[in-house]
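Hi,

Here is the structure I promised to pass on. Have a look at it first, and then read my notes below.

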Amino acid sequence: MLLATILIAAEMLTNPHLEGADSSGKITGWSRPSRHYLYVTSGGFDGSGCLTYENADETDYYGLPSQVIPVGPGRKYQLTAWAKSGLTSGQVNVCFEWVDSSDKYISGRYISLGDVAQGTDGEWHQMTIVTPRMPETAVRAHISLYCSKGALGTARWDEVSVTRVIEPVVPGFFTDAYRETAADSDPPVTFRGVLNLADYDLTADEVRADLSWTDVGGMPRRIEVT
């Protein structure tokens with residue numbers, strides 16, 4: 001039996017709604033390495049402000065508006081963002097890249113608007129990344145919203161979110177009994193369970209697992225699992 005429930009923890013980004021900017025157009029909490037990325041006060045996903053890209057010069061570098069957040073080893077994260085494209089060339093992208101304590105790149109996950117929508121239809125679409133569990137060396141992650149190099153036209157992003165993915169403490173429980181039944185002549189039934197301790201900051205020494213069931217005579221049974 002696999003348990004599919006996934007719990008999402010608290011928001012990790014500063015200014016995930018992309019609201020507010022300084023006099024230069026730099027959105028609060030986000031970097032602005034290129035003049036093509038600006039805050040606009042309307043036209044966002046819910047009609048409010050958002051990040052916009054405008055470029056008519058294919059030789060100009062694309063830049064990576066981003067934000068840095070802490071991450072922990074053994075943890076998974078979900079990144080979601082809403083975006084829409086008015087580009088005549090190039091792609092609208094979102095990425096989640098994790099680095100070590102020296103800011104050295106380890107790995108990343110990337111998604112383009114073309115992965116979830118056909119063409120540049122001018123509509124808002126949600127983009128989602130779920131990371132694998134972070135390696136022991138991962139310390140920080142760079143969350144970036146950007147258009148591919150040489151992209152021409154306009155694009156917008158809004159309602160960006162990063163949260164921890166917290167899976168059930170028992171993500172899987174299995175038995176070798178066929179369809180929950182066992183014949184009298186069968187050998188003892190074996191049960192195996194998977195414990196997810198990483199999401200709860202626990203070690204095996206801090207956990208006691210018990211298995212409870214009702215036997216064929218209707219009597220409750222319970223044993224400590226090793």
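**What I found**

Let's start with Leu 202, which sits in the loop between strand E12 (191-194) and strand E13 (209-214). Keep in mind throughout that this is a predicted model. Leu 202 is partly exposed, because its relative accessible area is 34%, and that falls between the 20% and 50% cut-offs. It also has company: together with Val 169 and Tyr 200, Leu 202 forms a nonpolar patch on the surface, and the three share about 220 Å² of accessible area.

Next, strand E8 (residues 125-130), which has a neat pattern. Which of its side chains are buried, and which are not? His 125, Met 127 and Ile 129 point to one face and are buried. Gln 126, Thr 128 and Val 130 point to the other face and are not buried. E8 also pairs with strand E5 (residues 76-89), in the antiparallel sense and over 6 bridges. If you want a spot to find that pairing on screen, try Met 127 in E8, which is the bridge partner of Ala 81.

Now for a charged residue that is worth a click. Glu 167 lies in the loop between E10 and strand E11 (172-175). Is Glu 167 buried or exposed? Its relative accessibility is 17%, so Glu 167 counts as buried, the cut-off being under 20%. What does its side chain touch? It makes a polar contact with the side chain of Lys 76 at 3.0 Å, and another with the side chain of Arg 133 at 3.1 Å.

Two backbone angles caught my eye as well. Asn 15 has a phi near 55°, a positive value in a residue other than glycine. You'll find Asn 15 in the loop between strand E1 (7-11) and strand E2 (37-40), and at 16% relative accessibility it counts as buried. Glu 159 is not a glycine either, yet it has a positive phi of about 50°. Glu 159 is placed in strand E10 (residues 152-166).

Last, the cysteines. A disulfide is a covalent bond between the sulfur atoms of two cysteines. How many disulfides does the structure hold? The count is 0. Cys 95 is buried, with a relative accessible area of 2%, and Cys 147 is buried too, with a relative accessible area of 0%.

That's what I have for now. Shout if anything is unclear.

Cheers

Conventions. Residues numbered from 1 in each chain as written. Predicted model: local features only at pLDDT ≥ 70, side-chain atom pairs only at ≥ 80, totals over all residues. Heavy atoms only, no water. Patch = residues over 30% accessible without salt bridge, like charges linked within 9 Å, V, L, I, M, F, W, Y side chains within 5 Å. Areas by Shrake-Rupley, 256 points an atom, 1.4 Å probe, with all protein chains shown as cover. Salt bridge = Lys/Arg side-chain N within 4 Å of Asp/Glu carboxyl O. Helix = DSSP H or I, 4+ residues; strand = E, 2+ residues; numbered from the N terminus. Buried < 20%, exposed > 50% of the residue type's maximum accessible area, 1.4 Å probe, protein only. Pairing = 2+ DSSP bridges. Polar contact = N/O pair within 3.5 Å; in protein donor to acceptor, adjacent residues only side chain to side chain. Disulfide = S-S within 2.5 Å.
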